[in-house]
Amino acid sequence: MSWETVIGLEIHAQLSTKSKLFSGGSTEFGAESNTHVDLVDMGLPGVLPVANKEAFYKAIRFGLATGAEINQVSSFDRKNYFYPDLPKGYQITQMTKPIVEKGSIKVSTDNGEKIINITRAHLEEDAGKSIHDLFEGETGVDLNRAGTPLLEIVSEPEISSAKEAVAYFKAVKQLVTFLDICDGNMAQGSMRCDVNVSIKKSGDKELGTRAELKNINSFKFIEKAINYEIERQIRVIENGESVVQETRLYDSEKNETRSMRSKEEANDYRYFPCPDLLPVVISDKELKEIKDSLPELPEQKEHRYISEIGLEESEAKIISSSKTMANMFEGASRKTDDTKLVAKWLVGDVSALLNKDNIEIDESNLSPENFGKLIERITDNTISGKIAKSVLEEIWKSGSDVDNIIESKGLVQIQDESLLEEIANKIVGSNPNQVEAYKGGKEKLFGFFVGQVMKETQGKANPKSVNEILKKILG
Amino acid sequence: MDKKTVTTISYLSRLKLDGEKEEKITNDLKNIIQFVNQLEEVNTSDIEPLTNPLEKTAKTRDDKVTANNLKEELLEIAPSSNEDYFLVPRVVE
C-alpha cells in the first residue's frame, strides 16, 4: 500500500526586541540566571502586563512580507497549564484574534517551487527554562527567558515530506532574518518548531490522526524526526492498530520519537480572553510606516541581481539565500565596478572556504570592504587571479588588509613586458625538445611553457601577457 | 456538569477535593451554570464578543529595558531556591 504524508509546522521565532513582551525585563541571551526577571515575569500578585509595541511592529513586518491580512485590532488570551517554568500558571497568547492571518511563502523543493500557506502568526510569551539534571531530586528554574516575545507561525497542513518541511523552515528563517525581526540563531533556540505529522492512504481525502513532535531546533533533526515518525505510523497502521493523537518527544540520540502522553493527561488549556490586557490597535499610519520601511526581500534581490546586474540565476540564488551573503555581495560591490566578478568569487572560492570550515560568512575574517578591494586588485591588474586566491586564503587566516598582504609578500603582478619577454625567451631557450615537439604539432605543450613562466615569476606574471608573449616567440 | 467533569477540572486546577466537597461543588456549579445559561436566550449572532468590559484599547510601551536585576530579592521570597535558581520538586522529562 502506498501512503501520503501530511505535515504542518508551528515555528516559534523569538522576536529580536530588547525588552520582553509585557515587561521591561531584558531579552539578552546568555545572561546570568534569573538576572533578567521583572516582577511581571515572575507573575507576582498585583502586577499588570503592558504590551511592547515593537513586538507588534515586528510581527506585522512578517505579515506584510507574506502577503497576509493584518488584524489592526488584536487581542490576548490565556492558555492555562501548570509547569514550574511558567510562573503565572498560564501563558499569554493570541488565540481568537491573532495579529497576522492568511499569509503564504514560496518554498524551493526538489520538484520546483511550491507555495505553503500560513494559517496565522500570533504573538505569545515564552516560558522560563527548567534545569533537570543539576540538582538531586529537584528541578532548577531560570526565568530569564520568561516573557520573551515569540511569533508563532502556523502553516497549513500542506507539506508533504520531511525534506519539504526543512525547505519551508529554511524559507521562513531566511525571511525573518532578512526582515530583521529574529536573529534566526537555532543553536540559541531563537527558532524552534513543533511538527504535526499524519499519514493517509494515497488519494484519500480525509486526513489521518496526527501526532505532534515537540520542540525541535535543527534542520537535521526536523528531517530525521519526521522520517522516523512516518515510518512508525505506517508500521502502526499496517499492524492493524490506529495512530493515537498525542504529543511525542524526539530523542536525537536514539533517533526515535517517544510518547509524552502520561504528562499530558486530560490536556485542556481552557483558553479565555486575558482580562489584564485590552485589545491592541494598530493605526493606519503605523501600518503605512511599517510597510514603507520593509527591506528588499530575498526574492526581490534575486530578481534584481539577475535583471539589473546580469548574474547567473544560480549565482543570484546563492547570494540572496541569506542576509549575510547578500550584505557581503552588496558591500563588496561598492568597492569595485566588476560586480559580476564579485559574484563569481563569492559563489566560487569564498563559498568553498565557507564549506570547508562549515561557517557562515559573518563568522569569517572576510569583510565586505576587504573582499571588494581584493576583486578591485584583480581588475586593475595589480595581482593575478591565482595570486588573489592565496591573498584570500591569507585574509581567511588573519583578516589582514588586502593591500598590506600584497605589499608585505611582494605579490604585485609583473607588468613589465620586457622582463616577461626575457623570462619567456629563457624558458624557450632552455627547453629545445619541448619547442621542437610543440612546433611538430603537440599544441598542448603551450600550457607547459605558460606554467614554466609562471613558476619562474612565482605566479606574479599576468597570464594574459604571458600567453601573448609566448605565442609571439613560439610562432 | 457531573462528577467526572468536576474531577477533571479539579485535577487541571491542582485543587484537591474530598468526596463530600466534590458533591457540594458539583451541585453549586450545576446551579451556577443553570443561572448563567439564561443568557443563551438572547440572540447574539450580530454582536462582537466582548473581550473586556472596559471597551477601551490598550496603552502600549516602547521597547526599552527598565527592569533592574532583582535576582537576590526574588530568590529570597521563593519557598525554595539556591544561589542561582528557584527550586521545585523534580519534574521528570
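User: Among contacts in chain A between residues at least 6 apart in sequence, what share joins residues at least 24 apart?

Analyst: Quick ground rules: this is a predicted model, where local features need pLDDT of at least 70, side-chain atom pairs count only at pLDDT 80 or more, and totals for chains, interfaces and linings use all residues. Residues are numbered from 1 along each chain as its sequence is written, while chains are lettered from A and ligands numbered from 1 in the order in which they are written. Two residues are in contact if their C-beta atoms, placed from the backbone, lie within 7 Å. Of the chain A contacts between residues at least 6 apart in sequence, the share joining residues at least 24 apart is 69%.

User: What radius of gyration does chain A have, set against a compact globule of 475 residues?

Analyst: The radius is taken over C-alpha atoms, and the globule rule is 2.2 Å times the number of residues to the power 0.38. Along the principal axes, the C-alpha atoms of chain A fill a box of roughly 90 × 55 × 50 Å. The rule puts a compact globule of 475 residues near 23 Å, but chain A comes out at 29 Å.

User: And chain B, what is its radius of gyration?

Analyst: Chain B has three helices and one strand, in the order α-α-α-β along the sequence. Its C-alpha trace spans about 55 × 45 × 25 Å along the principal axes. A compact globule of 93 residues would sit near 12 Å, whereas chain B has 22 Å.

User: What percentage of chain B is buried?

Analyst: A residue is buried if 20 or more other C-beta atoms lie within 10 Å of its own, exposed if 12 or fewer, and partly exposed in between, with C-beta atoms placed from the backbone. By that count, 40% of the 475 residues of chain A are buried. For the 93 residues in chain B, the buried part is 8%.

User: Which strands stand at the edges of the nine-stranded sheet?

Analyst: Helices (H or I, at least four residues) and strands (E, at least two) are DSSP runs numbered from the N terminus, and two strands pair if DSSP finds at least two bridges between them. The sheet in chain A is open, has mixed pairing and runs β2-β6-β7-β10-β1-β11-β12-β13-β14. Two strands of chain A have a single partner each, so one side of each is left without a neighbour in the sheet: β2 (69-70) and β14 (256-259).

User: In β6(A), which residue is the bridge partner of Ile70(A)?

Analyst: β2(A) and β6 (residues 100-109) of chain A run antiparallel, joined by two bridges. On the β6(A) side, Ile70(A) is partnered by Val100(A).

User: Where is Lys102(A), with its positive phi?

Analyst: Lys102(A) isn't a glycine, yet its phi is near 60°. Lys102(A) is partly exposed, because 15 other C-beta atoms lie within 10 Å. Its place in chain A is strand β6.

User: Which helix gives the largest share of the largest nonpolar core?

Analyst: A nonpolar core is a set of buried Ala, Val, Leu, Ile, Met, Phe, Trp, Tyr and Cys residues joined through C-beta atoms within 7 Å. The largest one has 59 residues, and Ala59(A), Ala165(A), Val195(A) and Ile222(A) touch the most other members. Leaving out residues up to four places away in sequence, Ala165(A) touches Ile7(A), Leu9(A), Ile159(A), Val195(A), Ile222(A) and Ile226(A). The largest share, ten residues (162-178 being the helix's span), comes from chain A's helix α3.

User: Is Ile395(A) buried or exposed?

Analyst: Ile395(A) is in helix α11 of chain A. Beyond four places in sequence, its contacts are Asn365(A), Leu366(A), Asn370(A), Ser400(A), Val402(A) and Ile405(A). With 23 other C-beta atoms within 10 Å, Ile395(A) is buried.

User: Which element gives the largest share of the side of chain A that touches chain B?

Analyst: Here 40 residues of chain A are in contact with 33 residues of chain B. The elements of chain A giving two or more residues are α2 (53-65), β8 (129-135), β9 (138-142) and β16 (280-281). The largest share, five residues, comes from β9(A).

User: In β1(B), which residue is the bridge partner of Val141(A)?

Analyst: Four bridges join β9(A) to β1 (residues 86-89) of chain B, and the two strands run antiparallel. In β1(B), Val141(A) is partnered by Phe86(B).
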